[in-house]
Amino acid sequence: MNEPILELDGLSKVYPGGLKALDNVDLIIRQGEIFALLGPNGAGKTTLIGAICGLVRPTSGTMRAFGHDLATGWRQARARIGLVPQELATDMFEPVERAVAYSRGLFGLAPDPKRIEEILRSLSLWDKRDERIMALSGGMKRRVLIAKALAHEPDLLFLDEPTAGVDVELRKGMWAIVDEMRDRGVTIILTTHYIEEAELMADRVGIINRGKLLMVDEKEAMMARLGRTEAHISLSSPITELPPSIAQYPVEIEKGGTSLCYRGGDGTGRGKAEVAEITKALIAAGIDYDGIDLRESSLEDIFVSLLGEEEAA
Ligand SMILES: Nc1ncnc2c1ncn2[C@@H]1O[C@H](COP(=O)(O)OP(=O)(O)OP(=O)(O)O)[C@@H](O)[C@H]1O
C-alpha cells in the first residue's frame, strides 16, 4: 500500500455563528489514489478542502500533509498542493498564458515557459493562450482553473465540483484530464454530486453530510453495499402467487397482483441480470408481461437511505 500523504485527525470547523461545518473528520489519503467526496449541498465539502488548502482555519483537530503538520509546516506542504476551486475568482482580464505562469510564480518556482506550454497544450488551451479569460466559454474557463492549479506541479490536487454545470462533452473532457493526471501519479481529491462521476473516476469514495464523514470505502465495496436496482414488471393478467421458479429472487407481488416489484442487486450489474432472469422465468411459467420499469439507485437514493439511517440512530 502506498504511503499516506494526507492525514486528518479529528478535524472540526465551527463557523462564527455556531454552524458546525466539519464534525470530527478522520481521513487518510494515500499517494496516487483518486478519492471522491460525495455529499449534498452544504455538507461541508468545500470547507474540508478549504481547511486543507489553508483557506479556512479549523476549530480543532490536526492535519498532516507530506509529513508536515499543516499548522506549522503549512508553506512546505502547500507548495505540493493544487486547488481547482468551483469558480474563477480573479484574473478575468488577464490573458490565459500569463495568468497560468503567474500562478506558478506564486509558489516561488522559477518561470518555465516550456512547462506552461505543456500544461496549456494538454488542456487544449494553447490556441487560446493570448485571449483574455473573460472572453472564454464556461468550459474553457474551467480548464484555465485547472491549468492554474497545475502550474506549480502539485502532487496532490483538489477538484471542487469539477463538472458542476458543464455539458456532457466537457464532463467527458474533464474525466480524460483526470485520467491523464492519474497516469502521472498525481493524487486527486474531488468533490461531486454525480455518482457516475465517482464510479468512473474514483478508487475510494467518502460520503459526507452535515460535516460528518459517514462512510469511506473502496468504490466497489461502496457500490456493493449501497447500490440497488428496483424494477416493476407489469403483468398482462393478475396473479395471486409467485411461480416457484422466481421465489428465490427478492420479488413481491404488488398492485393487486398486476405487477411484480424487484428490489435487489448490489451495484455491480447483478440487479439487471436478475431482472432479465426473472422475465425469462415468467415467460417459461406462462406469465405474460407488458412492460418493465427498471432503475438503478442514484446518489440521491443512497443519501436518502444513509441519512435516514443516520436520523434513526
Ligand atoms: N464562511 C462561512 N461562514 C458561515 N457559514 C459557512 C461559511 N462557509 C460555509 N458555511 C456553511 O457551512 C456549511 C458547509 O458549507 P460547505 O460550502 O463546506 O458545503 P459543501 O458541501 O461544499 O456544499 P456545496 O455542495 O453546496 O458547495 C453550510 O451550511 C454553509 O452554509
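Author: Helices are DSSP runs of H or I with at least four residues, strands are E runs of at least two, and both are numbered from the N terminus. By this count the protein chain has ten helices and 14 strands. This is a predicted model, in which local features need pLDDT of at least 70 and side-chain atom pairs count only at pLDDT 80 or more, while totals for chains, interfaces and linings use all residues. Residues are numbered from 1 along each chain as its sequence is written.

Reader: Which helix gives the largest share of the shell around the ligand?

Author: Helix H1, residues 45-52, gives three residues. Lys 45, Thr 46 and Thr 47 are among the residues around the ligand, and so are Tyr 15, Gly 39 and Asn 41. Each has its C-beta atom, placed from the backbone, within 6 Å of the ligand.

Reader: What makes the shell residues polar, nonpolar or charged?

Author: The residue type decides: Ala, Val, Leu, Ile, Met, Phe, Trp, Tyr, Cys and Pro are nonpolar, Asp, Glu, Lys and Arg charged, and the others, Gly among them, polar. The shell thus has four nonpolar, seven polar and one charged residue.

Reader: Which residues of helix H4 are called buried?

Author: In H4, residues 113-122, they are Ile 116, Ile 119 and Leu 120. Each has 20 or more other C-beta atoms within 10 Å of its own (exposed means 12 or fewer, partly exposed in between). Buried residues make up 36% of the 313 residues in the protein chain.

Reader: How do you know that these residues of H4 lie on the same side?

Author: They cover an arc of only 95 degrees around the axis, which puts them on the same side of H4. The face turned away from this buried side carries the exposed residues Lys 114 and Arg 121. The buried residues of H4 pack against helix H3 (96-106) and H5.

Reader: What makes the largest nonpolar core a core, and how many residues has it?

Author: It has 63 residues, all of them buried residues of the types Ala, Val, Leu, Ile, Met, Phe, Trp, Tyr and Cys, joined through C-beta atoms within 7 Å. Helix H5 (residues 138-150) provides its largest share, six residues. Ala 65 is one of those with the most contacts inside this core. Not counting residues up to four places away in sequence, Ala 65 touches Ile 5, Leu 6, Ile 52, Leu 70, Ala 77, Ile 81 and Leu 156.

Reader: Which residues belong to the second core?

Author: This separate core of nine residues includes Ala 231, Ile 246, Leu 260 and Tyr 262.

How values were computed: Two residues are in contact if their C-beta atoms, placed from the backbone, lie within 7 Å. The arc is that of the directions from the helix axis to the C-beta atoms.
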